[in-house]
Amino acid sequence: MILSADTERKIEQIILQQGIVPPQELELAKIDALKQNQSLIKILEDRNALSDVQATKIIAMSSNIPYVDLSTVNIPNEVLTIIPHDAAESFESIAFGIVDGKLNVASVDPQNLQAVDFISRKTGYPVSAYLAPKSQIDKWLGSYSSNVALEVEQALGEEATAETD
């Protein structure tokens with residue numbers, strides 16, 4: 001996700017206000033961010049000064065993007081698989097609920113309008129996009145394969161039962 005200069009300033013303010021990183025360390029990270037042409041948040045993550053969850057929450061706060069913690073959400077298989085696996089993987093996005101006729105989608109880049117539009121057209125639902133940590137999205141993407149394996153097992157079991165009847 002590309003962050004604007006305004007968002008970078010807000011990120012710095014949030015980190016200072018919440019005392020997440022000592023001011024001296026933050027100043028050194030800012031210098032490195034400029035030298036390396038990377039975002040401040042990326043530099044702090046690389047230095048393990050922020051976890052991906054902390055970084056994602058800070059980006060959400062600074063950008064006024066809704067945040068979702070997928071580690072606390074139980075996603076039914078029928079909701080998870082609304083977005084086909086290849087699209088979910090490509091856009092790093094996971095469906096996690098349907099509320100008031102809208103599909104709630106967690107993404108590493110909820111501002112990717114192309115992805116949001118594609119998911120909306122593919123699923124037939126208007127989309128409410130949320131920011132979520134990549135690690136949490138990856139965990140749910142991994143559960144697609146285990147869900148598919150379970151469905152195949154169940155289908156084969158039903159077929160075997162039908163043949164013995």
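**Exercise 1. Determine which backbone feature N37 shows just after helix 2, and characterise that helix.**

Step 1. N37 directly follows helix 2 and adopts a positive phi of about 55°. The model is a predicted one, in which local features need pLDDT of at least 70 and side-chain atom pairs count only at pLDDT 80 or more, while totals for chains, interfaces and linings use all residues. Residues are numbered from 1 along each chain as its sequence is written, and side-chain values use heavy atoms, with hydrogens and water left out.

Step 2. Helices (H or I, at least four residues) and strands (E, at least two) are DSSP runs, numbered from the N terminus. Helix 2 covers residues 23-36, 14 residues in total, and its first and last C-alpha lie 20 Å apart, close to the 20 Å expected at 1.5 Å a residue. That expected span is 1.5 Å times one less than the number of residues.

Step 3. Buried denotes under 20% relative accessible area and exposed over 50%, with partly exposed in between (1.4 Å probe, protein chains only). The buried residues of helix 2 are L26, A29, D32 and A33. Viewed down the helix 2 axis, they fall within an arc of 125°, so they line one face of the helix; the arc is taken from the directions from the helix axis to the C-beta atoms. On the other side, Q24, L28, L34 and K35 are exposed.

Step 4. The cover over the buried residues of helix 2 includes helix 1 (5-17) and helix 3 (40-46), where contact means heavy atoms within 4.5 Å.

**Exercise 2. Describe the order and pairing of the three-stranded sheet.**

Step 1. The sheet is open, with order 1-2-3 and mixed pairing; two strands pair if DSSP finds at least two bridges between them. Strand 1 (93-99) and strand 3 (127-131) are the edges, each with a single partner strand, so one side of each lacks a neighbour in the sheet.

Step 2. Strand 1 pairs with strand 2 (residues 102-107) in the antiparallel sense over six bridges, and V99 has K102 as its bridge partner in strand 2. These strands form a hairpin with two residues between them, and D100 in the turn has a positive phi of about 50°.

Step 3. Strand 2 and strand 3 run parallel, joined by five bridges; S107 has L131 as its bridge partner in strand 3.

Step 4. Five of the six residues of strand 2 are buried, so this strand is largely enclosed by the rest of the structure.
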